[in-house]
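Visitor: I should like a close look at the salt bridges of this model. Please describe the pairs in turn and say where their partners lie.

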Amino acid sequence: MIKFTIITLFQEALEPYLKTSMMWKAVDKGLAEFDFVNLRDFGLGPHKSVDDTPYGGGDGMLLRCEPVFAAIESVKAKDPDAKVILPTPVGEIWDQEKAKSFAKDAHYIILCPHYEGYDERILSIVDYKVSLGKYVLTGGELPALIIIDSVVRLIPGVLGGETSALVESFSDGDNLEYPQYTKPYDFRGMKVPDILLSGNHGEIAKWREEHSGKA
Ligand code: 6GU
């Protein structure tokens, strides 16, 4: 069983995706579990504040240490082995190899940062800093969903056809998927390659190999 505990201020932004997609099927089959921790519950003072202004000046607000550590420690109190993932534009770039290495029986805590950033001392409680690419998003929620989706689909039994995650793009290096077609045979003059209708599995496999894009 793979488990993700997501620490966020925006549970309602994450839930619809996790409750509809294949992610929900994974939960239904008992292969994955998702849990939420509301960072606000660990906020400070009457306003349950989770952020403050940066020392030294500068724009915006930073996530404070106290609520973040308290939230993570509340999860680790129940499962000391849980590993902490921080989505951050300065993390290591996420790729298929990383997704594969995470796809195992494990408990991950994803801390979704918000505002202009986070207090650097938060890194002392983080196991993996993950970036999705060279651009900046407003928060960690979308990266969290992408990390979860790319990992959970690799858990055996999650996808319908047991083989599809294996055969697909990127799974054995930088092979891109071959072109695929479904009905109709002729759509506005664009026809399906006849080899795919030939029933010759050897020739079809060869065609697919030849037409697999190389990254
Ligand atoms: Cl993981 N977080 C944010 N805020 N921006 C990003 C990112 C992550 N990856 C690319 N841009």
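Guide: Asp186 is partly exposed, its relative accessible area being 35%. In this predicted model, the residue pairs with Lys191 in a salt bridge whose closest N and O atoms are 3.7 Å apart.

A second pair lies within a helix. Glu97 and Lys100 form a salt bridge, with 3.5 Å between the closest N and O atoms. Both residues belong to helix H4, which covers residues 96–102, and they are 3 residues apart, about one turn of the helix. Glu97 has a relative accessible area of 46%, which places the residue in the partly exposed class, because that class lies between 20% and 50%. Lys100, with a relative accessible area of 34%, is likewise partly exposed.

A further pair connects two strands. Lys3 forms a salt bridge with Asp35, and the closest N and O atoms of this pair are 4.0 Å apart. Lys3 is located in strand S1 (residues 2–8) and Asp35 in strand S2 (residues 32–38), so the salt bridge ties together parts that are 32 residues apart in sequence. Asp35 is partly exposed, at a relative accessible area of 32%. The pair also belongs to a network of salt bridges in which Lys3, Glu33 and Asp35 are linked.

As for the general principle, side chains of opposite charge can pair when their charged atoms come close. With the cut-off set at 4 Å between a side-chain nitrogen of Lys or Arg and a carboxyl oxygen of Asp or Glu, the count comes to 9 salt bridges; among them are Asp186 with Lys191, Glu97 with Lys100 and Lys3 with Asp35.

Methods: Residues are numbered from 1 along each chain as its sequence is written. This is a predicted model: local features need pLDDT of at least 70, side-chain atom pairs count only at pLDDT 80 or more; totals for chains, interfaces and linings use all residues. Side-chain values use heavy atoms; hydrogens and water are left out. Helices (H or I, at least four residues) and strands (E, at least two) are DSSP runs, numbered from the N terminus. Buried means under 20% relative accessible area, exposed over 50%, partly exposed in between (1.4 Å probe, protein chains only).
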